Amino acid sequence: MKKLTEFDPAEYLDSEELRSGYLELVAKEGTQEELLKAINDVARARGMTKTAKEAGITREGLYKALSPNGNPAFSTVWNILRAIGYTLTPTPLSKAL
């Protein structure tokens with residue numbers, strides 16, 4: 001039997017369009033944990049060292065903040081999003097939700 005490798009979205013987020021669409025979808029339809037995972041995927045796709053430097057934190061701190069057990073402060077998430085080229089834009093929830 002062949003051993004399957006785990007799917008890694010970061011390997012396929014090779015354009016700004018894909019990264020943007022991925023984050024937008026998860027932000028709209030996912031949970032907080034799924035959004036942090038998506039931010040992690042995009043940061044890894046861009047490069048963790050570069051992202052950490054631009055976010056003003058250590059590479060290890062970035063990994064820790066975005067780990068499944070991480071519980072980053074809002075300011076940390078804000079800085080990471082800005083480092084990967086995004087911001088938060090509050091939008092009203094639809095009445096269908």
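**Note on aromatic pairs and pockets**

1. At 58% relative accessibility, Phe7 counts as exposed. The model under discussion is predicted. Phe7 is paired with Tyr12, and the two rings are stacked, with 5.4 Å from centre to centre and 15° between the planes. The structure holds two aromatic pairs.

2. The other pair joins Phe74 and Trp78, whose ring centres are 6.2 Å apart. Their planes stand at 35°, so this pair is tilted; the tilted class takes angles that are neither under 30 degrees nor over 60. Both residues belong to helix H5, where a spacing of four residues separates them by about one helical turn. Phe74 counts as exposed because its relative accessibility is 57%, while Trp78, at 31%, counts as partly exposed.

3. The largest pocket encloses about 570 Å³ of space. It is lined by 16 residues, of which Glu24, Ala27, Lys28, Thr89 and Thr91 are the closest to its centre. Helix H1 (residues 16–29) gives the largest share of this lining, five residues. By class, the lining of the largest pocket comprises ten nonpolar, four polar and two charged residues.

4. The second largest pocket holds about 240 Å³. Among its 13 lining residues, Gln32, Leu35, Leu36, Phe74 and Val77 are the closest to the centre; Phe74 is also a member of the tilted pair. Two or more lining residues come from each of H1, helix H2 (32–46) and helix H5 (74–83). The lining of the second largest pocket divides into nine nonpolar and four polar residues, with no charged ones.

How values were computed
Residues numbered from 1 in each chain as written. Predicted model: local features only at pLDDT ≥ 70, side-chain atom pairs only at ≥ 80, totals over all residues. Heavy atoms only, no water. 1 Å grid on protein atoms, 1.4 Å probe; cavity = no way out; pocket = protein on both sides within 12 Å on 5 of 7 lines; lining within 4 Å. Points joined across faces, edges and corners; volume = space filled by probe spheres on them. Nonpolar A, V, L, I, M, F, W, Y, C, P; charged D, E, K, R; others polar. Phe/Tyr/Trp six-rings, centres within 6.5 Å; stacked < 30°, edge-to-face > 60°. Buried < 20%, exposed > 50% of the residue type's maximum accessible area, 1.4 Å probe, protein only.
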